[in-house]
Amino acid sequence: MEALLKEAFLEALKATDPYRLTAKHLPPWRPDLVLAVGKAAAPMLQAALDRYGEVPYHLTLPKGQKAPGLKAVFARHPVPDEESARAAEEVLGLLQGLSPRARVLALVSGGGSALWCAPLGISLEEKRALTEALLKSGASIHEMNAVRKHLSRIKGGWLARACAPARVLTLMISDVPGDSPSVIGSGPTVPDATTLDDARAIVAKYKINLPAAVSSALAD
C-alpha cells in the first residue's frame, strides 16, 4: 500500500509540473518579450527559454523562492511590498512602444495579484492595508480580486491594454477554485466582468473600514 500511495503521489506531482505543462502549450512562434509572474513562474519561464533560446524576459517571484540562473524580482506575497510595486512598474515600462508586429508571452500563476502591484488612485500603503483587511475579513479569492482589480493599473486586463498594439498570448496555471482566467493573478490580460458596484458591495458585505482615498477611488 505504501508503494502504491508513493507512486500515486509522484504521478500527481508529474501531472502538475509547471515546466512540463508550459512546454506542452508553448506557441510555435518566438515571442519578443516574456513576462512571468507567480509561484510557478520560474519553471514556466525556464520552459519558454529552453524552447526559444535567449529572449527578453521579466520574472517576478515570491520572496523565499529560488531561480538558479534567472534574473528575478523577489516580492512579498500575499501582501504586496515595495518590490511588488517596482516589478509592476518595470513590466509596464517594458511594454512602452511595442509595435503591432510584436508578440508578448505572459506566464501567469497564483500569487500574481500581490507580486505585481500598480495602485490606481491610492498609495502602496493604502493598497497594503486594504489587502490585509480583505485577508482578515473571510472574503473569497474571487471577492478579493474583484476589489483589487478596480484599484490597479495592471490587473483586470490592464496589462493587455498596456501591450497594445502588440499581440499577447497568456498561459496560466490556476490555484483558484473554478480556474477562472479572470481570477488567476487577478487576470492581468483578461477582461474584468466585475464592476465598481460589485467591489463596493463586497466591502460593505464584510464591513471593511476603508481609508478615505480607497473609498474615493472605488466611487470614481
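Here are legends for a handful of close-up views of this predicted model.

Residues count from 1 along each chain as its sequence is written, and side-chain values rest on heavy atoms, with hydrogens and water left out. Since the model is predicted, local features need pLDDT of at least 70 and side-chain atom pairs count only at pLDDT 80 or more, while totals for chains, interfaces and linings use all residues.

**View 1. A nonpolar patch made of M1, L4 and L5 sits on the surface.** Together these residues offer about 380 Å² of accessible area (Shrake-Rupley, 1.4 Å probe, with only the protein chains shown as cover for residues). Patch members have over 30% relative accessible area and no salt bridge; nonpolar side chains (Val, Leu, Ile, Met, Phe, Trp, Tyr) are joined within 5 Å, like charges within 9 Å. L4 belongs to helix α1, residues 2–15; helices are DSSP runs of H or I with at least four residues, strands are E runs of at least two, and both are numbered from the N terminus. L4 is exposed at 53% relative accessible area, where exposed is over 50%, buried is under 20% and partly exposed is in between (1.4 Å probe, protein chains only).

**View 2. Helix α7, residues 141–149, is largely enclosed by the rest of the structure.** Seven of its nine residues are buried: E143, M144, N145, A146, V147, R148 and K149. The buried residues of α7 pack against α5 (112–115), α6 (124–137) and α9 (196–205), with contact meaning heavy atoms within 4.5 Å.

**View 3. Helix α6 keeps its buried residues on the same side.** Those residues are L124, K127, R128, L130, T131 and L134. They cover an arc of only 165° around the axis, taken from the directions from the helix axis to the C-beta atoms. The cover over them includes α4 (82–94), α7 and α10 (212–218). End to end, the 14 residues of α6 reach 20 Å from first C-alpha to last, close to the 20 Å expected at 1.5 Å a residue; that expected span is 1.5 Å times one less than the number of residues. Just past the helix, G138 takes a positive phi of about 95°.

**View 4. E143 and K205 pair up in a salt bridge.** Their closest N and O atoms are 2.8 Å apart; the rule asks for a side-chain nitrogen of Lys or Arg within 4 Å of a carboxyl oxygen of Asp or Glu. E143 lies in α7 and K205 in α9, so the pair ties together parts 62 residues apart in sequence. E143 counts as buried, at 16% relative accessibility.

**View 5. Two salt bridges lie within helices: R86 with E83, and D197 with R200.** R86 and E83 meet at 2.7 Å, N to O, and being three residues apart in α4 they are separated by about one helical turn. Both are partly exposed, R86 at 38% and E83 at 24%. In α9, D197 and R200 meet at 2.3 Å, N to O, again three residues apart. D197 is exposed at 52%, whereas R200 is partly exposed at 34%. Shared partners also join E83, R86 and E90 into one network.

**View 6. Q65 sits in the loop between β2 (57–62) and β3 (73–75).** Q65 is partly exposed, with 29% relative accessible area. Leaving out residues up to four places away in sequence, Q65 touches K39 and F74.
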